Amino acid sequence: MSRISLTPRRTLFYRAMEWYSKRTYGKVLDPGKALAHNQRVLFSYTRFEQSLSKWNSLDPGLKALAEMASAASIGCSWCMDFGYWVCRGQGIDDRKLHDVPMWRESDVYTPLERDVMEYAEAMTANPPTVDDALVERLRRNLDEAQLVELTAMVAVENLRSRINSALGLTSQGFKDSCDLPAAPGSAAGQGPAAGQVSRSGA
């Protein structure tokens, strides 16, 4: 149960966000509804999310696994639900998405993917538990620009997941829709194309 009303005042900006969200995702995203109680927060958050889509140094699959591992560590069911749907739409292996919460016991990941998820968990821990050995393993495969992007994306997912968890936002059924048949190009049956995702819905 949400800890904040999901029926904010329907300002012009909110109605624009609502229209875009329905067209793109098939429904209005709950984080957008929650943040709309503070127009400046929603506007800043939306612009930030849109700018993230231009980050392109890191492989999208590694980025997705890092975000999902961080969300799983925090226990954000909304982020796990929406993230699964987005990643499926980007063609990321379903088995890898499914096994994120138990990645240590799974055999579907490469050594680099395992290091990326370990790094995401270590960054998300309170206090963080990142150590030199882990970073050194990552630097054998990632250049400095990629490592910075990975680090920033884990921090961004912490922001998302902690906001959503604190406000009591839970899954909206995006994962459930992944296996439902849908018309070609339908938002309800497919995730958006890479670079077209805003977690606020705008």
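**Notebook: rings around Phe174, then helix H7**

I started at Phe174 and found the charged end of Lys27 over its ring, 4.7 Å from the centre; a charge counts as over a ring if NZ of Lys or CZ of Arg is within 6 Å of the ring centre and within 35 degrees of the ring normal. I also looked up Tyr84, where Lys175 lies over the face at 4.6 Å from the ring centre.

A note to self: this is a predicted model, where local features need pLDDT of at least 70, side-chain atom pairs count only at pLDDT 80 or more, and totals for chains, interfaces and linings use all residues. Residues are numbered from 1 along each chain as its sequence is written, and side-chain values use heavy atoms, leaving out hydrogens and water.

Next I turned to ring pairs (Phe, Tyr and the six-membered ring of Trp, centres within 6.5 Å; planes under 30 degrees apart are stacked, over 60 edge-to-face, the rest tilted). I got eight aromatic pairs. Phe82 and Trp85 have ring centres 5.7 Å apart and planes at 35°, so I logged them as tilted.

Is Phe82 buried or exposed? Phe82 is buried (under 20% relative accessible area, 1.4 Å probe, protein chains only), with a value of 0%. Its rings with Phe174 have centres 5.1 Å apart and planes at 80°, so this pair is edge-to-face. Phe174 is buried too. I then saw that Tyr20, Tyr25, Trp78, Phe82, Trp85 and Phe174 form one aromatic cluster.

Last, I checked helix H7, residues 111-124 (a DSSP run of H or I, at least four residues, numbered from the N terminus). Its buried residues include Val116, Met117 and Tyr119.

Definitions and conventions: Helix = DSSP H or I, 4+ residues; strand = E, 2+ residues; numbered from the N terminus. Expected span 1.5 Å × (residues − 1). Buried < 20%, exposed > 50% of the residue type's maximum accessible area, 1.4 Å probe, protein only.
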